[in-house]
Amino acid sequence: DRGVEQVQYLLAGLFGRACRADGDPEECRALAAEASSLRKVLTTQLQSLAGTTSGSLPALRDHLWLSPPDAERAAQTLGPLFSKVRRGLEKLTRECVTLEVALERNTEP
């Protein structure tokens, strides 16, 4: 949750700077590059969560010190948390892509 909030702040700051850029092509290119970098970070995080939200937590299931029943209980406990984080990351990714496209097209964000 804390990481998602930090990305929300970054995205809000980027959006504010995009609004103040007022269509300046050089500033829009720089902001589009920042939005692209942020999108890459978000998609990387989403990809790393892909296996966890399907209920298969390989790191837990293959852990040396956890029995299969313990690993299953841990996966069931952590599953809802991973789903919530995934939904937040998906929302932020959509917002980031929207901002990136607006900057590339030099339209109002």
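## The α1–α2 loop

D22 is located in the loop that lies between α1 and α2. In this predicted model, D22 adopts a positive phi of about 50° although the residue is not a glycine. D22 comes after α1 in the chain. The residue counts as exposed because its relative accessibility is 69%, and the cut-off for exposed is over 50%.

D24 also has its place in the loop between α1 (2-21) and α2 (25-53). With a relative accessible area of 37%, D24 is partly exposed. Both D22 and D24 belong to a negative surface patch, which is completed by E26 and E27.

## Overall architecture

The protein chain contains four helices and zero strands. Read from the N terminus, its elements follow the order α-α-α-α. Of the 109 residues in the protein chain, 29% are buried.

## Helix α1

How does the distance between the end C-alpha atoms of α1 agree with the span expected for its 20 residues? At 1.5 Å a residue, the helix should span 28 Å, and the end C-alpha atoms lie 29 Å apart, so the two values agree.

The buried residues of α1 are V4, V7, L11, L14, G16, A18 and A21. R17, by contrast, is partly exposed at 31% relative accessibility. The helix is followed by D22, with its positive phi near 50°.

## A salt bridge between α1 and α2

Side chains of opposite charge can pair when their charged atoms come close. The count of salt bridges in the model comes to five.

One of these joins R17 to E34, with the closest N and O atoms 2.6 Å apart. R17 lies in helix α1 and E34 in helix α2, so this pair ties together parts that are 17 residues apart in sequence. R17 has a relative accessibility of 31% and therefore counts as partly exposed. E34 is likewise partly exposed, its relative accessible area being 35%.

## Salt bridges within α4

Helix α4 spans residues 68-104 and holds both R73 and D70, which are three residues apart, about one turn of the helix. These two residues form a salt bridge in which the closest N and O atoms are 2.1 Å apart. R73 counts as partly exposed at 49% relative accessibility; the cut-off for exposed is over 50%, so R73 stays in the partly exposed class. D70 is partly exposed as well, at 31% relative accessibility.

What separation along helix α4 do E90 and R86 have? The two residues are four residues apart, again about one turn of the helix. E90 forms a salt bridge with R86, and the closest N and O atoms of the pair are 3.2 Å apart. With a relative accessibility of 29%, E90 counts as partly exposed. R86 has a relative accessibility of 24% and also counts as partly exposed; buried would require a value under 20%.

## Summary of the charged residues

Two settings for charged side chains have been described. In one, D22, D24, E26 and E27 form a negative surface patch, with D22 and D24 placed in the loop between α1 and α2. In the other, acidic and basic side chains are paired: R17 with E34, R73 with D70, and E90 with R86. The R17 and E34 pair connects helix α1 with helix α2, whereas R73 and D70 both lie in helix α4, as do E90 and R86.

Notes
Residues are numbered from 1 along each chain as its sequence is written. This is a predicted model: local features need pLDDT of at least 70, side-chain atom pairs count only at pLDDT 80 or more; totals for chains, interfaces and linings use all residues. Side-chain values use heavy atoms; hydrogens and water are left out. Patches are made of residues with over 30% relative accessible area and no salt bridge: like charges are joined within 9 Å, nonpolar side chains (Val, Leu, Ile, Met, Phe, Trp, Tyr) within 5 Å. Accessible areas come from the Shrake-Rupley method with a 1.4 Å probe; for residues, only the protein chains shown count as cover. A salt bridge is a side-chain nitrogen of Lys or Arg within 4 Å of a carboxyl oxygen of Asp or Glu. Lys and Arg count as positive and Asp and Glu as negative; His and the chain ends are not counted. The place of a charge is taken as NZ of Lys, CZ of Arg, CG of Asp or CD of Glu. Buried means under 20% relative accessible area, exposed over 50%, partly exposed in between (1.4 Å probe, protein chains only). The expected span of a helix is 1.5 Å times one less than its number of residues.
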